[in-house]
Amino acid sequence: MLVLITGGGTGIGRACAIEFAKEGADLVLLCNKSVVGANDAAEKARSLGVNAEVFSLDLRDEAAINRTAAAIIANIGTPDVIVNNAGVWKGGVLQDMDADVINAIFDVNIKGMMYLTKAFADAMIEKRKGSIINISSMWGQSGASCESVYSASKGAVDAFTKSMAKELGPSGIRVNAISPGVILTDMCAGYPQEVLDDLASQSALLRNGLPEDIANVATFLASDKAAFITGQIIGVNGGIQI
């Protein structure tokens, strides 16, 4: 099995890489700024006995995505699984969000996901099998004050997931999204500990999540055990939303 993961150098992407490697999957890790982290994750994967390649790629550049996808298909193979994980976050009230920030959030969180899926879709359709897993957010379902732009981008991820499940389902390709709650990654690094503790206290399990909590669901969704699951937005949030 060949698994392609965007944002494979840190946080959820790195955890997914390691968990898929433990399952025996070969990896293609795409990253933009976290090249060192992606190379480290690839080395860890290789130590588990699988092949792993790293490509540096800006998901805002559709032409670069198309070139990279063509090279991957020609030299490594068509991915069986795509994990669209790369994302950016910026908080603040809408009045303080300038056009550059709004565009940056949408360019990576949804447009980059669309471009990458588009670049591999025909090759996956030709194989008539595959699994695409998009990383959303619980704020994509409920919205969040002071995160309106980020929430909107993740709501778009949810709609894209459902639509692509209908488009690609007849070709044997399943498309689902994982909707994390509060996950302790670099994205949470700016929060004071008391804020993180308060968020944990709001969840049914009284803790915040770890990247591995998301990775475990990703490996399940990619497996034959999830063969009849598509078009779903699966909350992995510890019960902070029920």
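A residue counts as buried when its relative accessible area is under 20%, as exposed when the value is over 50%, and as partly exposed in between. Keep that scale at hand for the exercises below, which all work on a predicted model.

**Exercise 1. Classify T219, A159, L206 and L59 as buried, partly exposed or exposed.**

Solution.
Step 1: Begin with T219, a residue of helix α8, which covers residues 211–222. Its relative accessibility is 13%, so T219 counts as buried.
Step 2: Move on to A159 in helix α6 (residues 148–168). A value of 43% makes A159 partly exposed.
Step 3: Take L206, in the loop between α7 (193–201) and α8. With 62% relative accessibility, L206 counts as exposed.
Step 4: Finish with L59, in the loop between β3 (52–56) and α3 (62–75). At 10%, L59 counts as buried.

**Exercise 2. Check the length of α8 against the expected rise, then find what covers its buried residues.**

Solution.
Step 1: The helix has twelve residues, and at 1.5 Å a residue these should span 16 Å.
Step 2: Compare this with the model, where the end C-alpha atoms of α8 are 17 Å apart, which agrees.
Step 3: List the buried residues of α8: P211, I214, A215, V217, A218, T219, L221 and A222.
Step 4: Recall the geometry as you look at that list: an α-helix has 3.6 residues a turn, so residues three or four places apart point the same way.
Step 5: Look for the cover, which includes helix α1 (11–22) and the strands β4 (81–84), β5 (130–135), β6 (173–180) and β7 (233–236).
Step 6: Zoom in on T219: leaving out residues up to four places away in sequence, T219 touches E19, F20 and E23.

**Exercise 3. Which residues does L59 contact beyond its sequence neighbours, and how far is L59 from I105?**

Solution.
Step 1: Set aside the neighbours within four places in sequence; L59 is then in contact with T6, I65, A86, D107, G112, Y115 and L116.
Step 2: Now take the pair L59 and I105, 46 residues apart in sequence; their C-alpha atoms are 11 Å apart.
Step 3: Try another pair in the same way: A159 and G231 are separated by 72 residues in sequence and by 9.3 Å from C-alpha to C-alpha.
Step 4: Set these pairs beside the whole chain: among contacts between residues at least 6 apart in sequence, 74% join residues at least 24 apart.

**Exercise 4. Describe the backbone phi of R128 and L206, and place each residue.**

Solution.
Step 1: Start from the general expectation: most residues other than glycine have a negative phi.
Step 2: R128 is not a glycine, yet has a positive phi of about 60 degrees. Its place is the loop between α4 (99–127) and β5.
Step 3: L206, also not a glycine, has a positive phi of about 60 degrees. This residue is in the loop between α7 and α8.

**Exercise 5. Decide whether the chain is as compact as a globular protein of its length, then describe its surface and charges.**

Solution.
Step 1: Count the elements: eight helices and seven strands.
Step 2: The radius of gyration is 17 Å, close to the 18 Å that the globule rule gives for 242 residues, so the chain is as compact as a globular protein of that length.
Step 3: Add the extents: along its principal axes the C-alpha trace spans about 45 × 35 × 35 Å.
Step 4: Turn to burial and surface. Of the 242 residues, 48% are buried; the chain exposes about 11,200 Å², with carbon and sulfur atoms supplying 53% of it.
Step 5: Finally, the charges: 19 are positive and 26 negative, and their mean positions lie 5 Å apart.

Key
Residues numbered from 1 in each chain as written. Predicted model: local features only at pLDDT ≥ 70, side-chain atom pairs only at ≥ 80, totals over all residues. Heavy atoms only, no water. Helix = DSSP H or I, 4+ residues; strand = E, 2+ residues; numbered from the N terminus. Rg over C-alpha atoms; globule rule 2.2 N^0.38 Å. Buried < 20%, exposed > 50% of the residue type's maximum accessible area, 1.4 Å probe, protein only. Contact = heavy atoms within 4.5 Å. Areas by Shrake-Rupley, 256 points an atom, 1.4 Å probe, with all protein chains shown as cover. Lys, Arg positive; Asp, Glu negative; His and termini not counted. Charge placed at Lys NZ, Arg CZ, Asp CG, Glu CD. Expected span 1.5 Å × (residues − 1).
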